[in-house]
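Please work through the exercises below with the sequence and the model side by side, and try each task before reading its solution.

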Amino acid sequence: MAQTSSEGLVRGIRRWDLVAITINGIIGAGIFGLPAKVFSLIGSYSLLAFVACALVVTLIILCFAEVGSRFDETGGPYVYAREAFGATVAFEVGWLIWLARLTAFAANCNLLVSYLGYFWPGATMNLWRVTIICLVVISLTAINVLGVRQAAITSDFFTIGKLIPMIVFVAAGLFFLNTHAFALGARPSSGAFSQSVLLLIYAFTGFEMAAIPAGEIRDPQKHLPRALLIAIAVVALLYILIQIVCVGTLPELAQSQKPLADAGTRFLGTAGGAIISAGAIISITGNLNIVLLSGSRVPFAMAEQNQLPSFIAKVHRRFCTPHVAIFCTAAMMLVLTLKQSFVQALTISAIARLLTYAATCAALPVLRRTDAPPALFRLRGGTIISILALLLAAWLLANSTLKEAITAAIAGVVGLMVYATYRLSRRG
């Protein structure tokens with residue numbers, strides 16, 4: 001018989017499924033568009049920005065590994081904040097996580113349509129664009145409602161499908177590098193470098209999506225830390241190699257809209273561009289599946305704690321999935337996808353993620369001093385690492401633009417208003 005959690009959910013995500021989910025959560029649309037954007041900001045120093053972002057994210061992941069090894073219920077960072085800081089902070093963290101999932105879905109789905117345009121130019125026309133987006137949302141919603149095992153198998157398939165074209169791109173591109181392209185020019189300003197790392201946060205993060213459906217993972221306290229560390233090692237190495245190939249093979253990288261496809265076309269011909277564009281479509285679709293899987297579990301977990309209407313926490317009798325939360329989340333994703341542009345959604349998502357990561361890093365030393373469940377993964381120097389991760393997150397947030405900060409602040413205030421309104425309505 002399938003294992004079930006106390007919430008009535010089936011624990012259908014196995015150990016290697018979890019690794020695939022983590023990789024799928026990280027590798028989405030960002031790596032197919034950001035190499036050019038970062039290069040336009042700081043040139044060849046973009047390689048250092050990739051390394052710096054990988055180090056920042058690794059410190060955060062180490063905090064997630066310890067904190068996540070304490071819990072086996074759905075919610076991820078929302079649960080961690082609730083245990084460490086109480087209901088109000090937990091709601092705000094959950095709200096920002098959900099917002100990050102919605103905006104990430106909007107960003108990725110819009111870029112999916114752009115890459116479809118490589119094979120079918122009509123895909124970007126308004127009518128077909130709307131049709132494609134609706135079909136993607138409906139299909140992924142059906143998969144996730146039918147069962148978490150189906151969603152996990154879909155994730156496994158897309159993980160393999162996205163890694164193969166990237167490996168082919170790197171393996172071939174390394175033979176065509178122009179070493180002169182790596183010459184370092186004038187040192188960029190600290191603001192430009194910080195802005196580059198902040199943009200890369202979008203491409204390097206998403207790992208927290210593996211922690212959110214803990215109530216549907218087999219032995220999450222044991223397998224989650226290992227999955228997080230394996231995934232970031234694979235992704236960091238792959239991303240840095242991809243940037244090396246882009247810088248070394250594409251002279252017009254700063255102006256490219258599809259840098260990997262353009263670079264692939266340069267050293268592999270038309271087939272190279274087609275392989276990368278197909279890989280981007282597979283990668284983005286797989287990421288969208290995980291974004292919906294994890295995003296829908298956040299309002300479910302919040303409703304379980306009576307912080308949202310109880311009907312959102314309903315579990316389907318036959319499929320044992322939080323179908324109401326899935327439908328609500330998918331509907332919001334559809335609306336935002338049809339309205340949001342790629343860059344706008346990307347920026348909001350990056351800031352929201354950093355804020356929620358900061359909450360988990362801060363929870364590590366707090367939970368060590370409370371009666372929280374014991375950690376199966378104990379991080380050496382955990383308190384120092386959590387403080388360092390918090391300082392780095394603050395550094396990145398301080399270098400966001402005023403417009404980005406205002407947008408994130410408005411989103412946070414709206415979340416507090418929703419929380420206050422619902423509490424007052426319950427009292428009434």
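The exercises that follow concern aromatic pairs, salt bridges and a surface patch in this predicted model.

**Exercise 1.** Determine how the rings of Phe64 and Tyr80 are arranged towards each other, and where in the chain the two residues lie.

*Solution.* A pair of aromatic rings is described by the distance of the centres and the angle of the planes. For Phe64 and Tyr80 the centres are 6.2 Å apart and the planes stand at 75 degrees; because an angle over 60 degrees counts as edge-to-face, this pair is edge-to-face. Next, locate the residues: Phe64 belongs to helix H3 (residues 46-68) and Tyr80 to helix H4 (residues 77-85), so that 16 residues separate them. Finally, consider the burial of each ring, for which the cut-off is under 20% relative accessible area: Phe64 has 1% and is therefore buried, and Tyr80, with 3%, is buried as well.

**Exercise 2.** Find out how Phe64 is arranged towards Tyr357, and which cluster these residues belong to.

*Solution.* The ring centres of Phe64 and Tyr357 lie 5.8 Å apart with 90 degrees between the planes, which is again an edge-to-face arrangement. This pair links helix H3 with helix H13 (residues 342-368), across 293 residues of the chain. Tyr357 has a relative accessibility of 1% and so counts as buried. Taken together, Phe64, Phe71, Tyr80, Phe207 and Tyr357 make up one aromatic cluster.

**Exercise 3.** Compare where the partners of the salt bridge between Asp17 and Arg149 lie, and decide for each whether it is buried or partly exposed.

*Solution.* Side chains of opposite charge can pair when their charged atoms come close. Between Asp17 and Arg149 the closest N and O atoms are 2.5 Å apart. Asp17 sits in helix H1 (residues 15-26) and Arg149 in helix H7 (residues 148-173), at a separation of 132 residues. Asp17, at 5% relative accessibility, counts as buried, whereas Arg149, at 24%, counts as partly exposed.

**Exercise 4.** Explain which parts of the chain the salt bridge between Glu208 and Arg101 ties together.

*Solution.* The closest N and O atoms of Glu208 and Arg101 are 3.0 Å apart. Glu208 is found in the loop between helix H8 (190-204) and helix H9 (220-249), while Arg101 is in helix H5, so the pair joins parts that are 107 residues apart in sequence. Glu208 is buried at 2% relative accessibility, and Arg101 is buried at 1%.

**Exercise 5.** State which residues form the nonpolar surface patch that includes Phe119.

*Solution.* The patch consists of Tyr118, Phe119, Trp120, Met125 and Trp128, with about 540 Å² of accessible area together. Phe119 itself lies in helix H5 (residues 87-119) and, at a relative accessible area of 45%, is partly exposed.

Note on methods. Residues are numbered from 1 along each chain as its sequence is written. This is a predicted model: local features need pLDDT of at least 70, side-chain atom pairs count only at pLDDT 80 or more; totals for chains, interfaces and linings use all residues. Side-chain values use heavy atoms; hydrogens and water are left out. Patches are made of residues with over 30% relative accessible area and no salt bridge: like charges are joined within 9 Å, nonpolar side chains (Val, Leu, Ile, Met, Phe, Trp, Tyr) within 5 Å. Accessible areas come from the Shrake-Rupley method with a 1.4 Å probe; for residues, only the protein chains shown count as cover. A salt bridge is a side-chain nitrogen of Lys or Arg within 4 Å of a carboxyl oxygen of Asp or Glu. Helices (H or I, at least four residues) and strands (E, at least two) are DSSP runs, numbered from the N terminus. Buried means under 20% relative accessible area, exposed over 50%, partly exposed in between (1.4 Å probe, protein chains only). Rings of Phe, Tyr and Trp (its six-membered ring) pair if their centres lie within 6.5 Å; planes under 30 degrees apart count as stacked, over 60 as edge-to-face and the rest as tilted.
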